[in-house]
Amino acid sequence: MALYVCALCGYEYDPQNGDPDNGIEEGTEFEDLPESYICPLCGASKEDFERMGDDADDVNT
């Protein structure tokens, strides 16, 4: 699963953990977050997050 990092403050959204403090359940994919989702640390918009890695990147060949 990919992590999504806020480009402004570095907060990492991990879909496995969700964001329970803000009503986002564990297992909620970033794409399924509401468009109104904001970074819980700095208030940046969902558009300010960047995808960082995924399971395919973790495979050693």
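**Exercise 1. Find what A2 touches, and place A2 in the core.**

Start with contacts, meaning heavy atoms within 4.5 Å: A2 is in contact with P15, R51, M52, G53 and D54, once neighbours within four places in sequence are set aside. A quick note on the input: this is a predicted model, where local features need pLDDT of at least 70, side-chain atom pairs count only at pLDDT 80 or more, and totals for chains, interfaces and linings use all residues. Residues are numbered from 1 along each chain as its sequence is written, and side-chain values use heavy atoms, with hydrogens and water left out.

Next, the core. A nonpolar core is a set of buried Ala, Val, Leu, Ile, Met, Phe, Trp, Tyr and Cys residues joined through side-chain atoms within 4.5 Å. Buried means under 20% relative accessible area, exposed over 50%, and partly exposed in between (1.4 Å probe, protein chains only). The largest nonpolar core has 12 residues, including A2, Y4, Y13 and C39.

**Exercise 2. Work out the strand order and say which strands sit at the edges.**

Strands here are DSSP runs of E with at least two residues, numbered from the N terminus. Two of them pair if DSSP finds at least two bridges between them. Strand β1 (residues 3-6) is joined to β2 by two bridges, antiparallel, and Y4 has Y13 as its bridge partner in β2. The full order is β2-β1-β3, an open antiparallel sheet of three strands. So β2 (12-13) and β3 are the edges, because each has a single partner strand and one side without a neighbour in the sheet.

Now drop E50 in: this residue belongs to β3 (residues 49-52). E50 is partly exposed, at 45% relative accessibility. Its contacts beyond four places in sequence are L3, Y4, V5 and A7. As for C6, the C-alpha atoms of C6 and E50 lie 6.4 Å apart, with the two positions 44 residues apart in sequence.

**Exercise 3. Count the disulfides and check C39 and C42.**

A disulfide is a covalent bond between the sulfur atoms of two cysteines. The cut-off is a pair of cysteine sulfur atoms within 2.5 Å, and the count is zero. C39 is in none: its nearest cysteine sulfur, in C9, is 3.6 Å away. C39 is buried, at 2% relative accessible area. For C42, the closest cysteine sulfur is in C6 at 3.7 Å, so the pair is too far apart for a bond. C42 counts as partly exposed because its relative accessibility is 38%.

Note on methods:
Helices (H or I, at least four residues) and strands (E, at least two) are DSSP runs, numbered from the N terminus.
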